[in-house]
Amino acid sequence: MSFDTTAANRNAGRFADRDELWLFGYGSLIYKAGFDYIERKPATITGWQRRFWQGSHDHRGTPAAPGRVATLVEAPGAVCAGMAYRITPAVFGHLDHREKNGYLRFSTAMTFADGSHDEGLVYIATADNEAWLGDAPIDAIARQISASHGPSGPNRDYLLNLAEALRALDADDAHVFAIEARLREIEAEHGG
Ligand code: BEZ
């Protein structure tokens, strides 16, 4: 798979015929949109779990020293909490560019707080993309995040903003909270 997924997403044409649709956000989209949307509300998707297994060469790291950002991996029965945005397809171009470092569009069912469901879109970086880093011990992930910086800022800010946003949603995410706790210990050890 090519490093830049912009063309693959444009060619896939998923949902382009729709006037509006739901986009499920599980990473930075939970706390910051950066695009126009019609409405947003908390949602969950089932069968996926959030993991800091995707490398970031263009936002929270560099090609020489990639950071780590969230993607989703399949986990039967797991429930992943996030934020859903009702958008128009015009937003795709912005997102395809912003998330060009390995993320592809997938369709997903999402569930809202009132129990209603809808079909929508989610960007996922899968293990076959070139920026994929995969699993590592929590300590190693936290150290990499602590050390990484990119054009969008320190990698630690991405992690801490995400953890705070998940708590605001009352969402439990043992993986994210374990990395956050280890990062805080590492920073305390270094007088941060
Ligand atoms: C997010 O949910 O924040 C997200 C959006 C696009 C790509 C990766 C993650």
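This section describes the strand arrangement, the helices lying across it and the surroundings of the ligand in a predicted model.

The strands form a closed barrel of five members in the order β1-β3-β2-β4-β5, and the pairing within the barrel is mixed. On average, neighbouring strands of this sheet are turned by 45° against each other when direction is ignored.

Both senses of pairing appear among the strand pairs considered here. Strands β1 and β5 run parallel and are joined by three bridges. One of the residue pairs linking these strands is that of Leu 23 with its bridge partner Leu 121 in β5. Strand β1 spans residues 21–25, and β5 spans residues 117–125.

Strand β4, by contrast, is paired in the antiparallel sense with β5, over nine bridges. Within this pairing, Thr 108 has Gly 120 of β5 as its bridge partner, and Thr 111 is matched with His 117 of β5. The connection between β4 and β5 is a hairpin with four residues between the two strands. Gly 115 lies in the turn of this hairpin and has a positive phi of about 90°.

Strand β4 also pairs with β2. Residues 39–56 make up β2 and residues 103–112 make up β4; the two strands run antiparallel and are joined by two bridges. Ala 43 has Phe 112 of β4 as its bridge partner, while Thr 44 stands opposite Thr 111 of β4. Thr 111 is thus placed opposite Thr 44 and is also bridged to His 117 in β5.

Two helices lie across strands of the barrel. Helix α2, comprising residues 90–98, lies across β1, β3, β4 and β5, and runs at about 25° to β5. Helix α4, comprising residues 155–168, lies across β2 and β3. The angle between α4 and β3 is about 80°. Strand β3, which covers residues 67–87, is therefore crossed by α2 as well as by α4.

The ligand is surrounded by eight residues, of which the closest are Gly 25, Tyr 26, Gly 27, Ser 28 and Leu 29. In terms of residue class, the shell around the ligand divides into four nonpolar residues, three polar residues and one charged residue.

Backbone atoms of several of these residues lie at short range from ligand oxygen. For Gly 27, a backbone N or O atom lies 3.0 Å from an oxygen atom of the ligand. For Ser 28, the separation between a backbone N or O atom and an oxygen atom of the ligand is likewise 3.0 Å. A polar backbone atom of Leu 29 is 2.8 Å from an oxygen atom of the ligand. The ligand on its own has 260 Å² of accessible area, and the protein covers 98% of that area.

Key
Residues are numbered from 1 along each chain as its sequence is written. This is a predicted model: local features need pLDDT of at least 70, side-chain atom pairs count only at pLDDT 80 or more; totals for chains, interfaces and linings use all residues. Side-chain values use heavy atoms; hydrogens and water are left out. A residue is near a molecule or strand if one of its heavy atoms lies within 4 Å of it. A polar contact is a pair of N or O atoms within 3.5 Å; within protein, one must be able to donate a hydrogen and the other to accept it, and residues adjacent in sequence count only if both atoms are side-chain atoms. Accessible areas come from the Shrake-Rupley method with a 1.4 Å probe; for residues, only the protein chains shown count as cover. Ala, Val, Leu, Ile, Met, Phe, Trp, Tyr, Cys and Pro count as nonpolar, Asp, Glu, Lys and Arg as charged, and the others, Gly among them, as polar. Two strands pair if DSSP finds at least two bridges between them. Axes are lines fitted to C-alpha atoms, for helices over the stretch in contact, and angles run from 0 to 180 degrees between N-to-C directions. Contact means heavy atoms within 4.5 Å.
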